[in-house]
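Visitor: I am new to this structure and would like a close look at a single part of it. Could you take me through the largest pocket, and say which residues and elements line it?

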Amino acid sequence: MSKPSTSLLKRRLDIAEIVRKNGEIKVDDLADMLDVSGVTIRSDLNYLEQQGYLKRSFGGAIYTAQPAGLGIGQDVQPVSQVTSAIESELAKQLARQLGDEEIVFLGAGSIMRKAIPFLGEYRGLSLVVNDLAHVPPARDYVDGQVVVLGGVLEQGEQRLTGELAVQSLRQYRPSHCVLMVDHISEDGTLNVTSEPSALLLSEAVRLCRYCVAIVARRPVYSESRHPVGKLKNMSAVITPQMVAAEYHSRFTDAGLSNSYTNNECLTWINPGRHPAR
């Protein structure tokens with residue numbers, strides 16, 4: 001299957017950003033703004049809806065985080081909208097940590113999936129995944145191989161885990177892994193709430209030379225915790241601003257330094273483990 005061109009990738013990302021900023025927009029307006037046909041815009045909107053960036057409406061598209069019934073004069077920056085914007089920025093910063101000719105284990109979750117279109121800029125990058133929902137966008141955008149691990153589906157999830165998934169991961173031996181983390185203990189231990197996922201993620205951290213952790217939310221201290229690795233062994237950690245404030249001292253204690261910041265998210269790197277770009 002041929003991969004989308006850089007212009008196709010850029011246009012779809014531009015459309016997602018335009019819809020996010022406007023809340024709702026018509027196909028004809030997008031076609032005029034981007035100088036393409038309405039048929040092309042509808043195809044792009046169908047794809048973006050499948051990836052969760054927006055919802056199709058009659059003759060246009062609506063930003064998914066915009067709540068129904070929002071009236072004139074009401075707050076147009078609800079918490080859910082900010083959360084979706086943060087997810088998109090986390091995905092962008094995640095993609096910046098990867099490069100050409102790499103074999104990457106990409107963990108499960110919507111933020112990981114949102115990063116996949118940004119990986120289309122890299123040549124020869126291959127993905128190893130255990131999230132079945134990653135497969136359609138990966139086939140569209142990833143230049144190299146897309147490998148789906150064997151394993152058992154977690155109940156109510158599209159994640160494959162278990163001993164077979166661990167064995168499959170050992171076979172492909174990725175150079176990089178990217179994982180979602182639910183909590184960081186005071187001693188710098190990275191934790192997730194799912195025990196089956198923890199077994200696979202801990203093996204990914206052990207196998208991979210470079211590991212990137214995404215910590216997307218503040219900790220819920222009543223949740224179960226299953227360790228997957230140590231903060232000091234990460235090559236990079238990406239967080240929203242509010243999460244960085246929660247864990248700032250733990251990042252500095254582990255030797256991480258802030259290398260990239262915008263109004264929404266921060267990227268922390270470990271100078272001794274981060275690959276030169």
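Guide: For what follows, Ala, Val, Leu, Ile, Met, Phe, Trp, Tyr, Cys and Pro count as nonpolar, Asp, Glu, Lys and Arg count as charged, and the others, Gly among them, count as polar. With those classes in hand, and keeping in mind that this is a predicted model, we can turn to the largest pocket, which holds about 580 Å³ of space. Its lining is made up of 31 residues, and those that lie nearest the centre of the pocket are Ala108, Gly109, Arg159, Met180 and Asp182. Three elements give two or more residues each to this lining, namely helix H4 (79-96), helix H5 (110-115) and helix H8 (195-207), and the largest share, six residues, comes from H4. Sorted by class, the lining of the largest pocket consists of 15 nonpolar, nine polar and seven charged residues.

Helix H4 also leads on to a neighbouring topic, since the second largest pocket, with about 260 Å³ of space, takes five residues of its lining from H4, which gives the most to it. Helix H1 (6-22) supplies at least two residues of that lining, as does H4. In total 15 residues line the second largest pocket, with Glu17, Arg20, Ser88, Glu89 and Lys92 lying nearest its centre, and by class this lining has six nonpolar, three polar and six charged residues.

Note on methods: Residues numbered from 1 in each chain as written. Predicted model: local features only at pLDDT ≥ 70, side-chain atom pairs only at ≥ 80, totals over all residues. Heavy atoms only, no water. 1 Å grid on protein atoms, 1.4 Å probe; cavity = no way out; pocket = protein on both sides within 12 Å on 5 of 7 lines; lining within 4 Å. Points joined across faces, edges and corners; volume = space filled by probe spheres on them. Helix = DSSP H or I, 4+ residues; strand = E, 2+ residues; numbered from the N terminus.
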